[in-house]
Amino acid sequence: MDRRDFLASGAAILAAGCAPAAPAIPPGELLATNHVLGHRLRGGGFPAATQVRRVRVAIVGAGISGLSAAWRLRRAGFDDFELLELENEPGGNARSGRNEVSAYPWGAHYIPLPSRESRATRLILAEQGVLLGDPDAARPRYEERALCQAPQERLYRNGTWEEGLAPLAGRTRDEIREWQRFHDRMREFRAMRGKDGRRAFAIPLGFSSRDPALLALDRLTLHDWLRGEGFVSEAVHWLANYACRDDYGCEHREVSAWAGIHYFACRGGAGREDDQDTVLTWPEGIGFVVRNLVERHGLRATAGAIVHRVEEDRRGVRLLAHLAAEKRSVEIRAEHVIWAAPFAFAARALAGAPEALVRALGSWEYAPWLTANLTLSEPPYVHHGAPLSWDNVIHDSASLGYVVATHQDVATRPGPTVLTWYRPLSEQAPADGRQRLLSGTRQSWAQAALSDLAKPHPEIGAITTRIDVFANGHAMVRPRPGLIWGEARASLLAHRGRLHFAHADASGLSLFEEANDRGVAAAESVLAALGERVASVRWKG
């Protein structure tokens, strides 16, 4: 019996209840977004400002949208701005960590090959040496080490690992035909153009068709649309639900059909030798892009800063920000403000704004989300089926499975690794999920991760040396029916003034390309208002 067989058999004995007690949970940390400081917006009670700062542009939020806005300003040679961030470091949902084994993501872990509409994303990737050659090429060339290495994904189902994410083994002919019909339908949507000539589903979504027949899809759920189209098999509904939980943090019974179809139909990017399913990834996920943006352009944020009051008039914007580390508040007077933080914060901070705008901002809902990074002494054992892949999905699980941080390594001999396990709390109402998330202990969530991963890997407890957990109560906006093409978002986009909304919330989809484009668009709007003559870097169609 080799070491792996010994570990697996020992874990099976423990699982069978033959051991007197469960093994101890490995050490680690419990991390979380700064919900304590964020929740102070409700109660107020911030101290009076002790200092007045003046800056031409203030950027609230240093996630992808805020960093993209700052990148665009710097690219135009404009430096008179201040970047404010609630958390202790920039990156938002693209933050990452590192230990002695590997870097690893805390959130977003890949970027699909960007389409031509995602021009700003292509420019950033070109600047960072990921996209090689002409960013406007139909099929650019990408740095090989950033392209996800094979095998890319697998699915654990019925006691074995299946290659890819098609749960078709053992299905009837009718189910397989329906699966194929679903994918044919998504390919139709990918190639479709509306009556206005635009792509039916583009990314960024602002470049999508406004054909009323297509926008009507935003008025019903993806689940109901599938049923109406005759898609009834468990396989198709599982995939649709998995996709919605993966990108939107909620079930397909709650997601707009337009948003659900967008997931499958918007990706039009491809490399010279790569198909549309190839993605760009790094050990730390999109943290790679964040780190390069920050270091290359010196994008330093004022950390631990919560903007609790925003007053806009014709002459400028007055911000009141509390600096948690310094235990004091400051007043910032800016000519323009780019709001790149979640809209829920703006709804509470705006003072004297039109009631309709405040009401619209307050209508966004957010999905709670948990991530656990498990450091292993060696890779998990493949007991049966397809080999260890970058993305490893468990079919009958509330989790989304895990990605392997060291997958991109070129080492010939396997060694220690880090698994990033993702768990959306999508099975309950967001408020209940947040309460459950924030009241849970690191030990309880670490045990949940181990229990889930023990299904395909019974030896997981014996080879896990550390488990770090990250709780995000407001991870991503929930694209419910009516959000993307409804009145609330339309009224927000129609707002004109010195306050520019740049967060991915303005799209209704928490995706890298959306956040990037919103930040760049807001920065270019500010530059134009300040009289700076710069050509747009966004896609022109």
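This passage describes helix α3, strand β19 and the largest cavity of a predicted model. Local features require pLDDT of at least 70 and side-chain atom pairs count only at pLDDT 80 or more, while totals for chains, interfaces and linings use all residues. Residues are numbered from 1 along each chain as its sequence is written, and side-chain values use heavy atoms, without hydrogens and water.

Helix α3 covers residues 64–75 (helices are DSSP runs of H or I of at least four residues, strands runs of E of at least two, numbered from the N terminus). Its end C-alpha atoms lie 16 Å apart, in agreement with the 16 Å expected for 12 residues (1.5 Å times one less than the number of residues). Because 10 of these 12 residues are buried, α3 is largely enclosed by the rest of the structure (buried: under 20% relative accessible area, 1.4 Å probe, protein chains only). Trp-71 and Arg-72 are among the buried residues. The elements covering them include β2 (49–60), α10 (287–297) and α17 (512–529). Just after α3, Gly-77 adopts a positive phi of about 80°.

Strand β19 (residues 401–404) is covered on both faces, with Gly-401 and Val-403 buried on one side and Tyr-402 and Val-404 on the other. It runs antiparallel to β18 (residues 391–394), with 2 bridges, and to β20 (residues 417–424), with 4 bridges (pairing requires at least two DSSP bridges). Tyr-402 is the bridge partner of Asn-392, and Thr-420 that of Val-403.

Val-403 and Val-404 also help line the largest cavity, as do His-109 and Trp-390 (a cavity is a set of points on a 1 Å grid over the protein atoms alone where a 1.4 Å probe fits but cannot get out; lining residues have an atom within 4 Å of a point). The volume of this cavity is about 60 Å³ (the space filled by probe spheres set on the points, which are joined across faces, edges and corners).

Technical notes:
Buried means under 20% relative accessible area, exposed over 50%, partly exposed in between (1.4 Å probe, protein chains only). Contact means heavy atoms within 4.5 Å. On a 1 Å grid over the protein atoms alone, a cavity is a set of points where a 1.4 Å probe fits but cannot get out, and a pocket is an open set with protein on both sides within 12 Å along at least five of seven lines; lining residues have an atom within 4 Å of a point.
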